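Biologist: Please show me the model, and then I will ask about it.

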Amino acid sequence: MSMKSNRSAPNHEPELLGLLRSARVIPVLTIERVEDAVPLARALVKGGVPVLEITLRTEAAINAAKAIIAEVPEAIVGIGTVLNPEDLARAEALGARFAISPGATPELLDAAAAGELPFMPGVATASELMQAQGRGFNLVKFFPAEQSGGLKALRALGGPFPNARFCPTGGIGESNAATWLAEPNVVVVGGSWLCPATDIRSGNWAGITANCNRTMKTLSR
């Protein structure tokens with residue numbers, strides 16, 4: 001397929017940009033058991049983290065997202081690890097508020113540009129960012145952030161792409177989230193440090209809430 005396209009993204013970016021800017025942090029959730037979904041979401045919301053990315057990495061992901069959307073109305077559910085147009089359609093059918101991909105193919109970018117669901121494609125290079133902006137996507141996920149050159153790479157991209165806004169994910173944690181958020185073109189960071197897999201498996205919901213409270217307090221300084 002040719003990389004050229006006359007499709008451009010629906011103008012959902014201002015809404016999504018505002019949502020993510022206020023969130024500051026998106027927890028990247030890999031849910032292995034559906035029964036963990038609702039208490040996990042409630043723990044995150046209680047800790048001041050309502051915007052969630054549920055990744056399509058497990059068989060439980062779709063039903064987990066359905067349960068959270070139905071039972072935790074305070075949660076703002078996005079679907080992550082969207083790899084193809086079919087995943088994007090599943091996310092929209094679920095009633096997700098947005099979708100995120102770790103990268104982007106021409107087919108996925110075209111489907112997202114033609115659809116109505118707010119979408120944030122993943123990029124790691126200038127060429128990938130050009131492809132995303134060519135479809136109208138200026139809000140992108142920088143992934144994997146630390147492994148792709150970290151802050152130096154992000155700052156380098158900021159020069160030729162002043163309109164781009166980023167959600168760095170990959171290697172982001174409690175120790176460096178504030179540093180990334182201090183960059184003028186970063187609106188939100190993503191990561192899994194707020195809800196470690198061990199805490200989810202053991203049902204340590206109070207510990208997850210405490211992680212969220214500590215992180216959000218730190219980032220509000």
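Modeller: Buried means under 20% relative accessible area, exposed over 50% and partly exposed in between, with a 1.4 Å probe and protein chains only. This is a predicted model, where local features need pLDDT of at least 70, side-chain atom pairs count only at pLDDT 80 or more, and totals for chains, interfaces and linings use all residues. Residues are numbered from 1 along each chain as its sequence is written, and side-chain values use heavy atoms, leaving out hydrogens and water.

Biologist: What share of the 221 residues of the chain counts as buried?

Modeller: That cut-off of under 20% decides which residues count. For the chain of 221 residues, the buried share is 52%.

Biologist: What is the radius of gyration of the chain?

Modeller: The radius is taken over C-alpha atoms, and the globule rule is 2.2 Å times the number of residues to the power 0.38. For 221 residues the rule gives 17 Å, and the chain is close to that, so it is as compact as a globular protein of that length; its radius of gyration is 16 Å.

Biologist: Which residues touch the most other members of the largest nonpolar core?

Modeller: A nonpolar core is a set of buried Ala, Val, Leu, Ile, Met, Phe, Trp, Tyr and Cys residues joined through side-chain atoms within 4.5 Å. The largest one has 63 residues, and those touching the most other members are Ile 54, Ile 68, Ile 79, Phe 119 and Val 189.

Biologist: How many residues are in the other core that lies apart from it?

Modeller: Among its members are Leu 19, Ile 26, Val 51 and Val 187. The number of residues in that core is 14.
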